[in-house]
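Work through the exercises below with the model open beside you, and try each task before you read its solution.

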Amino acid sequence: MSERLAPEGRILVGGEWVEGSGAEIVATDPADGTTVATLAGAVPADVDRAVRRGEAARSAAAWRTMLPHQRARYLARTAELIEDRSEELALLQSRDNGKPLAETRALVASAAGTFRYVAALLETQEGSIPPSRGDYLSFSVHEPIGVVGAITPWNSPIASDAQKVAPALAAGNAVVLKPAAWTPLLALELGALLLEAGIPEGLVSVLPGPGRTVGQAIVEHPGIGHLSFTGGTDTGRELAATAARLLKTTSLELGGKSPTIVLPDADLDVAVNGILYGIFSSQGQSCIAGSRLFVHDSVYDEVVARVAERADALRVGHPRAEGTQLGPLITASHRDAVERFIADGLAAGGTLRAGGARPTDPALAAGSYLRPTVIDGLRADASIVREEIFGPVLVALRWRDEEELVEAANDTSYGLACGIWTRDFARAWRIARAIDAGTVWVNTYKQLSIATPFGGMKDSGSTREKGLGAIRAYQRQKSIYLGTSGPIAWAD
Ligand code: NDP
């Protein structure tokens, strides 16, 4: 089977595969710098066309009056098609963003799972009949918003695309999806699979192109009523400001700098494995990466020594090679930025405990690889402790007192995730409730389910995706009153 279903070099505008007229996008394999595909990206005029065709498709009777269980069939069919092509999609995603195959397979499975879950959820959505206070019945119903703009980052393409597209379609909307320019291919494949599943033409557009032009045009288009964004906090803040001015609703999934906390009684074998997975899987390019390690003084030396030793032993390699644990970073320029953070950390007095350099294997020289890095001995105000690095860099910090620990763990603008390693569940509960984070894991890390709401606090965002509310986030509520008696007496 061919690796690609979407027509080579084309973008999906309002149901049609067309050659873009925007700047050339070269999808590059971060493993060796080779070109995976080239295409001309979208331009703002494509956004306008996509919105107009999306609005026409979603308000056409065929989609507008389709019963939920019928609409659900298209979503379930999409899940099946994703599964049928799972190996091709996983391979393409690995070539597009450098993640090891084991990870891209999990992302593809997650995308299929999202469509399947949302299809099932769609059949359970109910309105309500609130108690009336007069001669009427009032109904509370949920309706589509119209056309939804979905903007996604490069780190987990098909999974983050599915998390937006599936509930937005289930809710009865059309979707204009803009993937990151660095990783356009999986979103285009998803567009092709949706068409193959029979989703009416025009309902989904996929417009790769730069955020500054195509993304901005989506944010500002008056025909788009809701913006669903996953990406960096600065971009999200700017987008939310524009959306507020235009009175659009938003879903925002933003950055993180998550603490992972080791208590004195933790099972250290379990903790060390979880800490390594939490920061170094996906090469640290994960919003929920556990990038700040807080270890109790009594076990600090042992834990940091073990984490550093195991980090040095992790297998950095070609993302399609058997057994690779860390592939390359997304681009050489991103690796440069991560290396600058490491240099800043060392200049600020940090001690390098592991990594800090590129692998020496000549077979990896053409890729943007970096060894997993552990640094300690830093003050809490060092940039490497405070800022999101989005790379394989862990900073270790010592704590002695629980109150100070909670204060230090919360001393960040972010609030996305947290890990706690302990055998004391009462203490884990107390700390979990005190930490500002949308998700807290105890004795595990980076476990995610489409059935469990996900989102951040503070600068990590304010809304939730997934879970029973997934579809509602893409709808607006309407109240309908039905009179149950004769004429209103006032007018007599
Ligand atoms: P960016 O914010 O740079 O980009 C995200 C998306 O927004 C891309 O598609 C980008 O387009 C687009 N974009 C950029 N500027 C604008 C603009 N002015 N208007 C509209 N769209 C714009 O983030 P990254 O791609 O670098 O992704 C990494 C970030 O995403 C990290 O901070 C990470 O923590 C966060 N993230 C959060 C997750 C969560 O669920 N909380 C999950 C995954 C990542 P282009 O790239 O083409 O310019």
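**Exercise 1. The second largest pocket**

Which residues lie nearest the centre of the second largest pocket, and how many residues line this pocket?

Solution. Begin by noting that this is a predicted model. The lining of the second largest pocket consists of 21 residues, and those that lie nearest its centre are Pro68, Arg71, His142, Ala171 and Gln475. Next, look for the elements that give two or more residues to this lining, which are helix 2 (61-64), helix 3 (68-84) and strand 5 (136-144). Strand 5 provides the largest share, with 4 residues. Sorting the lining of the second largest pocket by class then gives 9 nonpolar, 6 polar and 6 charged residues. Finally, the space in this pocket comes to about 350 Å³.

**Exercise 2. The surroundings of the ligand**

Describe the shell of residues around the ligand, and explain where the ligand lies with respect to the two domains.

Solution. The first step is to count the shell, and here 30 residues surround the ligand, the closest being Thr152, Ala181, Thr235, Leu254 and Glu388. By class, this shell contains 14 nonpolar, 11 polar and 5 charged residues.

The second step is to ask which elements take part: helix 8 (211-220), strand 9 (224-230) and helix 9 (233-245) each contribute at least two residues to the shell, and the largest share, 5 residues, belongs to helix 8.

The third step concerns the domains. Because domain 1 (10-254 + 461-479) and domain 2 (259-442) both give residues to the shell around the ligand, the ligand lies between them.

**Exercise 3. Polar atoms beside the ligand**

Find which atoms of Gly211, Gln216 and Gly232 lie beside the ligand, and give the distance for each.

Solution. Take the backbone first: a backbone N or O atom of Gly211 is 3.0 Å from an oxygen atom of the ligand, while a polar backbone atom of Gly232 is 2.8 Å from an oxygen atom of the ligand. Turn then to the side chains, where a polar atom of Gln216 lies 3.1 Å from a nitrogen atom of the ligand. To complete the picture, consider the surface of the ligand, which exposes 900 Å² when taken alone, and of which the protein buries 84%.

**Exercise 4. The cavities**

How many cavities of 30 Å³ or more are there, and which residues lie nearest the centre of the largest cavity?

Solution. The count comes to 3 cavities of 30 Å³ or more. The largest cavity has a volume of about 70 Å³ and is lined by 14 residues, with Ala289, Ser291, Glu388, Ile389 and Phe390 nearest its centre. Its lining divides into 7 nonpolar, 5 polar and 2 charged residues.

Continue with the second largest cavity, which holds about 50 Å³ of space. Of the 14 residues that line the second largest cavity, Pro259, Tyr414, Gly415, Ala417 and Asp436 are the closest to its centre, and the classes in this lining are 7 nonpolar, 4 polar and 3 charged.

Methods. Residues numbered from 1 in each chain as written. Predicted model: local features only at pLDDT ≥ 70, side-chain atom pairs only at ≥ 80, totals over all residues. Heavy atoms only, no water. Near = heavy atom within 4 Å. Polar contact = N/O pair within 3.5 Å; in protein donor to acceptor, adjacent residues only side chain to side chain. Areas by Shrake-Rupley, 256 points an atom, 1.4 Å probe, with all protein chains shown as cover. Nonpolar A, V, L, I, M, F, W, Y, C, P; charged D, E, K, R; others polar. Domains from an automatic or database assignment. 1 Å grid on protein atoms, 1.4 Å probe; cavity = no way out; pocket = protein on both sides within 12 Å on 5 of 7 lines; lining within 4 Å. Points joined across faces, edges and corners; volume = space filled by probe spheres on them.
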